[in-house]
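Student: Before we discuss any labels, could you show me the model, so that we can ask what stands behind each term?

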Amino acid sequence: MSDSAQKQGDAFENLLHEERRFPPTDEFAANAVAQPSLYEEASSQGSEFWAAQARNLLTWDTDFTQTLDWSDAPFAKWFVGGKVNAAYNALDRHVAAGLGDRVAIHFEGEPGDTRTITYAELTEEVKKASNAFESLGVAKGDRVAVYLPMIPEAVITMLACARIGAVHSVVFGGFSAEALRSRIDDAEAKLVVTSDGTYRRGKPSALKPAVDGALGREGHTVSSVVVVKRNGEPVEWTEGRDLWWHDVVDSASPEHTAEAHDSEHPLFILYTSGTTGKPKGILHTTGGYLTQTAFTHKNTFDLRPETDVFWCTADIGWVTGHSYVTYAPLINGATQLMYEGTPDTPHQGRWWELVEKYKVSILYTAPTAIRTFMKWGRDIPQKFDLSSIRVLGSVGEPINPEAWMWYREVIGGSKAPIVDTWWQTETGAHMIAPMPGVTATKPGSAQVAVPGISIDVVDELGESVPNGSGGYLVIREPWPAMLRGIWGDPERFKETYWSRFDNMYFAGDGAKKDEDGDIWLLGRVDDVMNISGHRLSTTEIESALVSHPSVAEAAVVGAADETTGEAVVAFVILRGSAKDDDDIVTTLRNHVGKEIGPIAKPRNILVVPELPKTRSGKIMRRLLKDVAEGREAGDSSTLADNTVMQQIAASLRK
Ligand code: WTA
């Protein structure tokens with residue numbers, strides 16, 4: 001077992017056994033969307049369960065003839081022969097059903113400006129954007145890079161791409177020009193959609209300069225850049241390449257007929273950090289992805305589209321924003337809130353003010369946000385009327401029982417069920433989650449597989465572990481929203497997820513089954529870190545550090561952090577003259593910001609004389625993690641030079 005898995009296992013032994021149970025109220029259970037029968041149907045029907053969901057949740061232009069083709073495993077095909085258009089399902093069909101006046105998006109900008117967009121209006125905007133993109137030469141199968149803040153145009157752009165069969169690749173606005181360029185190059189994007197900027201903490205914040213930076217060097221594939229005017233700040237302009245959104249989209253025709261695409265037509269690429277320096281372009285396709293995102297959104301959140309106001313706080317730059325902002329809520333005809341800014345602008349009660357104002361009934365956020373609110377104090381949310389909330393969701397990292405209880409009591413009024421949802425960019429949709437009207441929830445555990453999903457925890461040899469034991473989280477059967485591969489790298493797809501265990505998908509997470517068989521997630525067992533619910537790779541940050549001329553060697557670890565879950569801590573060995581540079585730490589932090597993005601800047605950079613390595617030259621991150629977390633370093637007997645840890649300790653005392 002790897003160092004970190006071993007340690008996680010040990011840590012788990014010390015976890016308190018959780019005795020608290022929160023069953024749904026009788027009333028909630030009786031009226032719940034997901035009833036116990038859903039589990040029975042799923043287990044008795046096998047993959048046909050998903051065929052029923054696909055036909056029930058989506059409107060197919062051409063019905064499929066085969067539910068699952070797994071003959072070329074691990075490359076799956078779901079709903080073979082079916083034809084479907086994602087945007088038609090998210091928009092046109094609701095308008096055709098007479099729901100055009102229903103609000104699709106309540107948008108609130110950070111400065112307080114608002115927009116209310118109905119399904120009819122959103123449909124028209126997407127049709128115009130589709131025409132505009134087509135007029136710029138974007139055709140089915142072409143890739144479009146999206147580098148936008150949380151504004152409605154982000155959703156409009158993604159749906160317009162889906163409508164015309166172009167493949168969107170959204171790059172989180174917190175990534176740098178360099179990171180954006182490498183993603184544009186990997187996907188060979190033809191068009192970039194961006195904005196002048198956004199607002200952050202009460203001030204305009206720029207985005208377009210990163211696009212200009214990314215495209216500043218020759219050799220890219222981009223022919224046009226469409227720019228949304230959001231904050232009105234001045235921007236550089238490249239004639240012949242840059243176009244204002246309001247020029248090309250507003251004047252486009254509002255008529256556009258959606259062509260149905262093959263169920264397996266690529267819908268999007270989303271880059272995520274893996275264990276190597278190069279981010280992976282995770283590829284999702286249409287029919288299966290839409291089915292499982294819509295299914296989970298409806299059942300996990302107990303959705304009532306006529307009355308609920310759903311708020312997923314994730315940015316569209318992450319998979320949560322793709323699945324539970326852009327796609328599932330609209331496929332399900334729900335009304336949602338979209339907020340552009342930070343939670344503490346202009347005051348620390350902004351989120352709760354929004355919940356009160358829009359009567360948010362389902363709130364979906366990350367533990368790191370919850371822990372931040374805990375730190376700010378319960379009196380802040382308590383000033384607002386949060387009585388509209390009836391379901392709470394958590395995603396992105398393990399939620400500690402203390403934060404879970406606070407979320408329940410302070411935000412959920414001790415009555416709203418909490419659904420802790422485990423999933424990944426790769427899985428596309430929820431995989432482990434309680435059903436709010438069925439499961440008696442347990443603080444800190446994601447508990448049970450979603451109906452129709454086959455989850456297990458296995459040991460080193462791939463044997464299922466008994467209740468009360470820990471190991472590796474795996475997925476035993478293909479699932480509709482599974483990634484279809486890594487863009488341009490089928491071998492890496494097999495190697496990363498399917499080579500660790502035979503015929504099982506290896507998620508990269510450690511997990512444990514408790515006495516009841518409920519699953520507890522224990523964090524990553526590989527070199528992936530989880531900072532505020534954002535996935536970052538230690539290797540990627542190490543590569544960024546050693547690309548600086550002052551750095552000879554670097555090792556990065558994720559150290560436990562009370563608020564962000566983990567924090568980036570870097571150990572660096574400097575080259576010659578850099579050792580006398582007092583500002584070297586600031587320089588290196590900014591360098592990482594430039595190479596990857598501000599989110600990757602290390603919390604601490606420790607300058608050390610040596611790094612602990614095994615005789616085969618592997619850095620023992622476990623020992624560095626001990627140092628980063630302020631512990632006595634553990635067993636260092638396998639080090640090539642076992643005085644290294646003393647040298648490090650001595651250098652840090654200085
Ligand atoms: C972690 C985010 C514990 C996990 C949707 C996974 C979680 C990685 C949970 C995927 C959860 C996500 N409990 N851990 N409820 N949800 N994770 O791709 O380590 O950004 O492998 O997808 O986040 O991160 P990603």
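**Terms and their grounds**

Tutor: Setting aside the neighbours within four places in sequence, I432 is in contact with D420, T421, W422, A446, Q447, V448, A449, V450, I455, L473, I519 and L521. Please keep in mind throughout that this is a predicted model.

Student: What makes I432 count as buried?

Tutor: The relative accessibility of I432 is 0%, and buried means under 20% relative accessible area, so I432 counts as buried. As for its place, I432 lies in the loop between β20 and β21.

Student: How far is I432 from D527, in C-alpha terms?

Tutor: Their C-alpha atoms are separated by 22 Å, while along the chain the two residues are 95 residues apart.

Student: Q447 is one of the contacts of I432; why is Q447 called buried?

Tutor: Q447 has a relative accessible area of 2%, and the term applies under 20%, so Q447 is buried. Q447 is found in the loop between β20 (418-421) and β21 (455-458), and its phi is positive, at about 75 degrees, although Q447 is not a glycine.

Student: Which strand holds F79, and how do you know that F79 is buried?

Tutor: F79 is in strand β2. Its relative accessible area is 0%, which is to be set against the limit of under 20%, and therefore F79 is buried. F79, which is not a glycine, also has a positive phi of about 60 degrees.

Student: Why does D101, by contrast, count as exposed?

Tutor: D101 has 70% relative accessibility, and exposed means over 50%, so D101 counts as exposed. D101 sits in the loop between α5 (86-99) and β4 (103-108), and on the surface D101 gathers with E121, E124 and E255 in a patch of negative charge.

Student: Which residues of helix α4 are buried, and against what do they pack?

Tutor: In α4, residues 48-57, the buried residues are F49, W50, A51, Q53, A54 and L57. The elements against which they pack are α3 (37-45), β1, β2, α5, α11 (287-300) and α12 (319-331).

Student: What is the omega of the cis peptide bond between A73 and P74, and what is that of the cis bond from T345 to P346?

Tutor: For the bond joining A73 and P74, omega is about 5 degrees, and P74 lies in the loop between β1 (66-69) and β2 (77-80). For the bond from T345 to P346, omega is near -5 degrees, and the place of P346 is in the loop between β17 (335-339) and α13 (350-358).

Conventions: Residues are numbered from 1 along each chain as its sequence is written. This is a predicted model: local features need pLDDT of at least 70, side-chain atom pairs count only at pLDDT 80 or more; totals for chains, interfaces and linings use all residues. Side-chain values use heavy atoms; hydrogens and water are left out. Patches are made of residues with over 30% relative accessible area and no salt bridge: like charges are joined within 9 Å, nonpolar side chains (Val, Leu, Ile, Met, Phe, Trp, Tyr) within 5 Å. Accessible areas come from the Shrake-Rupley method with a 1.4 Å probe; for residues, only the protein chains shown count as cover. A salt bridge is a side-chain nitrogen of Lys or Arg within 4 Å of a carboxyl oxygen of Asp or Glu. Lys and Arg count as positive and Asp and Glu as negative; His and the chain ends are not counted. The place of a charge is taken as NZ of Lys, CZ of Arg, CG of Asp or CD of Glu. Helices (H or I, at least four residues) and strands (E, at least two) are DSSP runs, numbered from the N terminus. Buried means under 20% relative accessible area, exposed over 50%, partly exposed in between (1.4 Å probe, protein chains only). Contact means heavy atoms within 4.5 Å.
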